[in-house]
Amino acid sequence: MFIKQRTIAEQVSVSGIGLHTGCQSTITFKPAKDDTGVIFRRIDLETPVDIPALIDYVDSIARGTILSNEGVKVYTVEHVLAALAGLQIDNVIIEIDAEEPPVLDGSAIGFVNVLINNVVEQEKPKEYFEIEKNVEYKELEKGIELIAVPSTKLQITYMVDYRNPALGTQFTTLYDLEKEFVDEYASTRTFCFLSEVEKLKEVGLIKGGNLDNSVVILDRELSQEERNIIESKLDLPKGVLPETKGIVGSVVLRYPNEPVRHKLLDLLGDLMLLGTPVKGHFLCARGGHEAHIGLVKELKKAIDKHKLIKKYKKSDNENFVFDVKDIMSILPHRFPMLLVDRILELVPEERVVGLKNVTANEDFFNGHYPGKPVMPGVLIVEAMAQTGGILLMNTLSDKNSKVPFFTSIDKVKFRRPVVPGDQIIMEIDMVRPLRRGICQMQGTAYVDGKKAAEALMTAMLVDKTNEE
């Protein structure tokens with residue numbers, strides 16, 4: 001059964017103060033066509049600027065997810081995106097008249113309330129990415145582990161353990177987004193420790209933060225003198241700091257484990273940056289925005305690889321990524337200059353591993369050298385360059401419009417001869433990602449596990465029409 005994309009029937013607005021910048025802002029959700037995705041539009045500028053809610057537009061993650069385009073930013077977008085994720089809204093334009101959406105009560109429920117009865121289906125079906133192999137993001141020294149495993153639907157299990165008696169260990173599991181999001185997660189509020197609040201104030205953040213839109217937790221014992229200093233510095237009423245560790249003020253938690261539920265809410269918002277709904281079970285321990293964004297980047301690589309394989313692979317053999325027929329549908333090279341037989345491994349825009357079988361039938365052995373056949377070093381480098389070309393062609397929406405040209409080959413070294421019967425394994429790693437049509441890759445060729453050649457290659461994409 002196909003599930004159709006969703007947008008909203010009519011525009012709705014929400015106003016309030018931004019958490020970090022303290023700006024007054026109004027955001028207006030507007031309907032959008034199929035396949036538009038989610039786009040923030042800064043309308044307070046002389047010329048409005050669109051900022052797509054996609055991982056490539058993440059500017060930073062300083063206590064929230066910040067997007068930017070053309071130097072224009074939108075701060076702290078995760079709660080807005082979480083509301084859209086929870087209601088499974090795919091396409092919407094979000095006009096905003098300042099640099100940060102309203103924080104409201106520190107949760108996503110204010111956005112949910114204006115959207116929930118306004119959701120409509122569209123014509124085109126959703127295209128889900130179904131996780132087939134585990135995708136991981138880990139920082140073991142910090143105890144952070146985020147793993148996405150196969151599942152027939154989106155599920156999230158989240159655990160936090162701050163080794164702090166004021167919060168302790170908490171966990172939660174979302175089993176069904178449709179049934180649980182609104183009642184169990186949308187109203188969970190952002191939280192932080194008092195020690196964090198002090199630091200954030202010192203660097204000019206949380207200008208719009210207060211005890212009405214944040215749950216603040218006292219995480220250390222305070223002397224009376226320290227209490228007086230903190231109350232003055234943070235402009236807190238007298239007596240709101242608890243005697244011992246606990247919640248600052250008279251705030252009552254909406255759920256016993258509200259903090260970890262809010263972490264799950266943040267993850268839902270950050271997952272929207274994929275631009276593709278996901279089916280998988282996310283197992284998360286001690287995460288945060290930085291870890292969420294790290295996981296989203298790993299997921300994007302898996303999605304890009306899946307799309308590339310789906311587009312070009314004809315064989316059902318899972319022992320390799322592409323065979324020579326697939327490669328010929330990607331690269332323009334043909335006999336006798338096609339020097340890659342298989343692609344064994346591919347991480348789009350990061351790494352590719354190719355294979356070249358060297359046989360006695362290679363035409364170049366007739367003259368290099370008679371009686372002692374040796375593969376010309378320039379052709380080994382060419383084979384590495386062609387393998388690297390697979391990484392470049394993946395960045396194109398229309399592979400027929402451009403062709404990769406290598407502008408320089410540096411630090412070339414040949415370690416051993418390549419002769420008939422050898423199998424070359426070529427490992428190509430992106431050193432400098434493609435920017436303005438130019439990138440740099442490190443190539444290494446191996447035979448029998450030993451290095452045969454290496455080179456640092458700079459390449460650019462050239463319009464095919466200019467060369468024909």
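In this tour a residue is called buried when its relative accessible area is under 20%. The model on display is predicted.

**The whole chain**

Begin with the complete protein chain, coloured by secondary structure: nine helices and 26 strands are assigned. Its C-alpha trace spans about 95 × 50 × 45 Å along the principal axes. Of the 468 residues, 52% count as buried.

**Strand β13 and its two partners**

Select residues 144-149, which form strand β13. Five of these six residues are buried, so the strand is largely enclosed by the rest of the structure.

Add residues 135-139 to the selection. This is strand β12, which pairs with β13 in the antiparallel sense over five bridges. Across this pairing, Glu139 stands opposite Ile144. Four residues lie between the two strands of the hairpin, and Gly143 takes a positive phi near 75° there.

Next, display residues 281-285, strand β20. Its pairing with β13 is also antiparallel, over five bridges. Here Glu145 of β13 faces Ala285 of β20.

**The β21-β22 hairpin**

Move to residues 342-347 and 351-357. These are strands β21 and β22, which run antiparallel and are joined by five bridges. Val347 stands opposite Arg351. Which residue of the hairpin, with its three residues between the strands, takes a positive phi? It is Glu349, with phi near 65°, a positive value in a residue other than glycine. Glu349 is partly exposed, since its relative accessible area is 40%.

**Further backbone features**

Most residues other than glycine have a negative phi, and most peptide bonds are trans. The next selections depart from one or the other pattern.

- Glu70: select the loop between β7 (66-69) and β8 (72-74), where this residue is found. Its phi is positive, at about 55°, although it is not a glycine. With 68% relative accessibility, Glu70 counts as exposed.
- Phe335 and Pro336: a cis peptide bond joins them, with omega about 5°. Pro336 belongs to the loop between α8 (324-330) and β21.
- His368 and Tyr369: the peptide bond from the former to the latter is cis, with omega near -10°. Tyr369 is in the loop between β22 and α9 (377-393).

**Salt bridges**

Side chains of opposite charge can pair when their charged atoms come close. A search of the whole structure finds 25 salt bridges; a few deserve individual inspection.

Show the side chains of Glu178 and Arg6, which meet in a salt bridge with an N to O distance of 3.9 Å. This pair links distant parts of the chain: Glu178 is in helix α3 (residues 177-185) and Arg6 in strand β1 (residues 4-8), 172 residues apart. Is each partner buried or exposed? Glu178 is exposed, because its relative accessible area is 52%, whereas Arg6, at 16%, is buried.

Then select Arg41 and Asp50. Their salt bridge has its closest N and O atoms 2.6 Å apart. Arg41 is partly exposed, with a relative accessible area of 25%, and Asp50 is partly exposed at 29%.

Continue to Arg189 and Glu258, whose side chains meet at 2.8 Å, N to O. The two residues are 69 apart in the chain, with Arg189 in the loop between α3 and β16 (191-193) and Glu258 in helix α6 (residues 258-271). Both Arg189 and Glu258 are buried. To complete this part of the tour, select Glu345, Arg351, Glu427 and Asp429, which are joined into one network by salt bridges that share partners.

**Surface patches**

Switch to a surface representation and select Glu130, Glu132, Asp316 and Glu318. These residues gather in a patch of negative charge. Glu130 is found in strand β11 (residues 129-130) and counts as partly exposed, with 45% relative accessibility.

A nonpolar surface patch of about 220 Å² is made by Phe405, Ile438 and Met460. Phe405 lies in strand β23 (residues 402-414); its relative accessibility is 37%, so Phe405 counts as partly exposed.

**A last pair**

Finish with Asp212, in the loop between α4 (194-202) and β17 (215-218). Its relative accessibility of 65% means that Asp212 counts as exposed. How far apart in space are Asp212 and Val251, C-alpha to C-alpha? The separation is 8.1 Å, while the two are 39 residues apart in sequence.

Note on methods: Residues are numbered from 1 along each chain as its sequence is written. This is a predicted model: local features need pLDDT of at least 70, side-chain atom pairs count only at pLDDT 80 or more; totals for chains, interfaces and linings use all residues. Side-chain values use heavy atoms; hydrogens and water are left out. Buried means under 20% relative accessible area, exposed over 50%, partly exposed in between (1.4 Å probe, protein chains only). Two strands pair if DSSP finds at least two bridges between them. Patches are made of residues with over 30% relative accessible area and no salt bridge: like charges are joined within 9 Å, nonpolar side chains (Val, Leu, Ile, Met, Phe, Trp, Tyr) within 5 Å. Accessible areas come from the Shrake-Rupley method with a 1.4 Å probe; for residues, only the protein chains shown count as cover. A salt bridge is a side-chain nitrogen of Lys or Arg within 4 Å of a carboxyl oxygen of Asp or Glu. Lys and Arg count as positive and Asp and Glu as negative; His and the chain ends are not counted. The place of a charge is taken as NZ of Lys, CZ of Arg, CG of Asp or CD of Glu.
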